[in-house]
Amino acid sequence: MSMIRLLLAEDQSMVREALAALLGLEPDIEVVAQVARGDEVLAAARAHSVDVALLDIEMPGMTGIEATARLREALPDVKVVVVTTFGRPGYLRRAMESGADAFLVKDAPASQLAEAVRKVLAGERVIDPGLAAAALADGANPLTDRESEVLRTAADGSTNAEIAAALHLSQGTVRNYLSMAIQKLAARNRAEAVRLAREKGWL
């Protein structure tokens with residue numbers, strides 16, 4: 001039996017070590033690398049010749065979705081399983097658009113994760129069924145990339161002038177993007193727009 005070489009990327013060390021221990025019990029899976037940051041994923045995948053990368057979404061340095069896109073571009077043969085604590089439909093859509101092969105919620109049993117690893121290596125796609133249904137019901141993200149970027153920059157309470165400076169836009173353009181985003185999300189103000197977009201996994 002050939003061993004599946006697995007990379008684990010998860011910023012919470014207790015969760016990462018528990019996952020590594022559980023997956024290491026599988027007869028055909030070997031956890032050959034562990035990282036705590038999204039921006040360390042590509043280098044570790046290269047250094048350890050991994051077959052499958054198991055990535056958390058929320059990580060410092062780079063999100064699991066961004067790391068997926070990097071892997072897909074640089075190492076197209078590496079399969080990617082994205083796991084998340086937050087079952088947000090927008091996350092699923094973005095992960096799949098970035099090239100993920102599987103998307104699962106973190107509280108799935110280890111045996112299910114191991115099965116997903118085997119399936120993606122066999123060329124299958126694995127998606128948490130509850131999330132798949134929610135993503136279809138929610139529809140696509142209505143925000144353009146620019147609207148999302150402006151809203152993301154506004155999330156920490158930045159003023160229009162600060163957002164404009166950070167994104168090299170005029171204040172009038174920032175105002176337009178924010179009002180479009182607020183309108184599309186049927187929000188009362190920018191704070192509510194940020195909250196709604198985050199809940200859907202669109203930011």
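Let's start at Ile-29, which sits in strand S2, the stretch covering residues 29–35. Keep in mind that this is a predicted model. Is Ile-29 buried or exposed? Its relative accessibility is 2%, so Ile-29 counts as buried, the cut-off for that being under 20%. Setting aside residues up to four places away in sequence, Ile-29 touches Met-3, Ile-4, Leu-6, Leu-23, Gly-24, Ala-114, Val-117 and Arg-118. Take Met-3 as an example: 26 residues separate it from Ile-29 along the chain, yet their C-alpha atoms are 5.5 Å apart.

**The whole protein**

Now step back a bit. The secondary structure adds up to 10 helices and six strands. The C-alpha trace spans about 60 × 35 × 30 Å along its principal axes. How does the radius of gyration fit with a compact globule? For 203 residues such a globule would come out near 17 Å, and the protein has 18 Å, so the two agree.

Of the 203 residues, 45% are buried. If you take the contacts with a separation of 6 or more, 65% of them are between residues 24 or more positions apart. On the outside, the accessible surface comes to about 9900 Å², and carbon and sulfur atoms hold 51% of that. As for charge, there are 23 positive and 28 negative side chains, with the centres of the two sets 6 Å apart.

**A look at helix H8**

Helix H8 runs over residues 160–167, and its buried residues are Asn-160, Ile-163, Ala-164 and Leu-167. Looking down the axis of H8, you'd find these buried residues within an arc of 100 degrees, so they line one face of the helix. What do they pack against? Their partners are helix H7 (145–154), helix H9 (171–184) and helix H10 (190–200). Right after H8 comes His-168, with a positive phi near 55 degrees.

**More positive phi values**

His-168 has company. Ser-49 isn't a glycine, but its phi is positive all the same, at about 45 degrees. You'll find Ser-49 in the loop that links helix H2 (41–47) to strand S3 (52–56). Ala-186, another residue other than glycine, has a positive phi near 50 degrees. Ala-186 belongs to the loop between H9 and H10.

**Four residues and their exposure**

Here is how some residues compare in accessibility.

| Residue | Relative accessibility | Class |
|---|---|---|
| Ile-29 | 2% | buried |
| Gly-99 | 13% | buried |
| Ser-111 | 48% | partly exposed |
| Ala-186 | 66% | exposed |

Where does Gly-99 lie? Look in the loop between helix H4 (89–98) and strand S5 (102–105). Apart from its neighbours within four places in sequence, Gly-99 is in contact with Thr-68 and Arg-72. Leu-42 is 57 residues away from Gly-99 along the chain, and the C-alpha atoms of this pair are separated by 14 Å.

Ser-111, for its part, is in helix H5, which covers residues 110–121. Why does Ser-111 count as partly exposed? Its relative accessibility is 48%, and that class falls between the 20% limit for buried and the 50% limit for exposed. Between Ser-111 and Glu-66 there are 26 Å from C-alpha to C-alpha, with the two sitting 45 residues apart along the chain.

Definitions and conventions:
Residues numbered from 1 in each chain as written. Predicted model: local features only at pLDDT ≥ 70, side-chain atom pairs only at ≥ 80, totals over all residues. Heavy atoms only, no water. Buried < 20%, exposed > 50% of the residue type's maximum accessible area, 1.4 Å probe, protein only. Helix = DSSP H or I, 4+ residues; strand = E, 2+ residues; numbered from the N terminus. Arc of directions from axis to C-beta. Contact = heavy atoms within 4.5 Å. Rg over C-alpha atoms; globule rule 2.2 N^0.38 Å. Areas by Shrake-Rupley, 256 points an atom, 1.4 Å probe, with all protein chains shown as cover. Lys, Arg positive; Asp, Glu negative; His and termini not counted. Charge placed at Lys NZ, Arg CZ, Asp CG, Glu CD.
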